[in-house]
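Got the viewer open and a hand on the selection tool? Let's walk through this one stop by stop.

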Amino acid sequence: MVFAVFDTLAVGFFSTSSGFIYGHGLTQLGVQTLGVIVITCWTTACLGALLFAIKQITSLRVSKEEEIAGLDFTDHGSNAYAFKENFLASDENSTTSTLGLAAKLNRLTKTKEIS
């Protein structure tokens, strides 16, 4: 979003016909700044209305139990990061070299935990 605002304002700064730097005028920069303000207000209003409507229909948050358990279990029925435990458990027995990492990945691929 920051780059979109910069790109929009850059037209007001660098336009060769009516820009602030090359065209020596503030008109185009003012128009571009007004455009950024209007779009920001429109987006904020639409997002606020949408979130208000969703909140009236359903909850925007999950329950405390689902949050603690993790949404990967409650929504998908599996752990999204199961391979992480295998990496941590095998770290004590292997080196940190590239060969050690390749051996870990090979072992996990053979057990079908990573495809």
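Start with the largest pocket, which holds about 150 Å³ of space. Keep in mind throughout that this is a predicted model. To bring up the walls of the pocket, select Met1, Ala4, Val5, Thr8, Val36, Ile39, Thr40, Thr43 and Thr44. Now colour by secondary structure: the elements that give two or more residues to this lining are helix H1 (2-14) and helix H2 (27-57). Which helix gives the largest share? That would be H2, with five residues. Switch to colouring by residue class and you'll find five nonpolar and four polar residues in the lining, and no charged ones.

As for how a space like this gets found, rolling a probe the size of a water molecule over the atoms shows where empty space is left.

Stay on H1 for a moment and pick aspartate 7, which is found in that helix. Aspartate 7 is partly exposed, because its relative accessible area of 48% falls between the 20% and 50% cut-offs. Next, add glutamine 32 to the selection and draw a distance between the two C-alpha atoms. Aspartate 7 and glutamine 32 sit 25 residues apart in sequence, and the C-alpha to C-alpha distance is 9.8 Å.

Now move on to the loop between H1 and H2, where serine 15 has its place. Is serine 15 buried or exposed? Its relative accessible area is 17%, so serine 15 counts as buried, the limit being under 20%. What does serine 15 touch, once you leave aside its neighbours within four places in sequence? Show Ala10, Tyr22 and Gly23 as sticks: serine 15 is in contact with each of these.

In that loop between H1 and H2 you can also pick histidine 24. Check its backbone: phi of histidine 24 is near 55°, a positive value in a residue other than glycine. Turn on the surface as well. With a relative accessible area of 69%, histidine 24 is exposed, because the cut-off is over 50%.

Time for some charges. Side chains of opposite charge can pair when their charged atoms come close. How many salt bridges are counted here? The count comes to one. To see it, select glutamate 67 and arginine 61, whose side chains meet at 3.2 Å, N to O. Look at how each partner sits: glutamate 67 counts as partly exposed at 42% relative accessibility, while arginine 61 is exposed at 61%.

Finally, zoom out and show the whole chain as a cartoon. You'll see six helices and zero strands, so to speak an α-α-α-α-α-α pattern when read along the sequence. The chain has 115 residues, and 13% of them count as buried. Put the surface back on for the whole chain: the accessible area comes to about 9300 Å², with 67% of that belonging to carbon and sulfur atoms. If your viewer can draw a contact map, open that too. Among contacts between residues at least 6 apart in sequence, 17% join residues at least 24 apart.

Note on methods:
Residues are numbered from 1 along each chain as its sequence is written. This is a predicted model: local features need pLDDT of at least 70, side-chain atom pairs count only at pLDDT 80 or more; totals for chains, interfaces and linings use all residues. Side-chain values use heavy atoms; hydrogens and water are left out. On a 1 Å grid over the protein atoms alone, a cavity is a set of points where a 1.4 Å probe fits but cannot get out, and a pocket is an open set with protein on both sides within 12 Å along at least five of seven lines; lining residues have an atom within 4 Å of a point. Grid points are joined across faces, edges and corners, and a volume is the space filled by probe spheres set on the points. Helices (H or I, at least four residues) and strands (E, at least two) are DSSP runs, numbered from the N terminus. Ala, Val, Leu, Ile, Met, Phe, Trp, Tyr, Cys and Pro count as nonpolar, Asp, Glu, Lys and Arg as charged, and the others, Gly among them, as polar. Buried means under 20% relative accessible area, exposed over 50%, partly exposed in between (1.4 Å probe, protein chains only). Contact means heavy atoms within 4.5 Å. Accessible areas come from the Shrake-Rupley method with a 1.4 Å probe; for residues, only the protein chains shown count as cover. A salt bridge is a side-chain nitrogen of Lys or Arg within 4 Å of a carboxyl oxygen of Asp or Glu.
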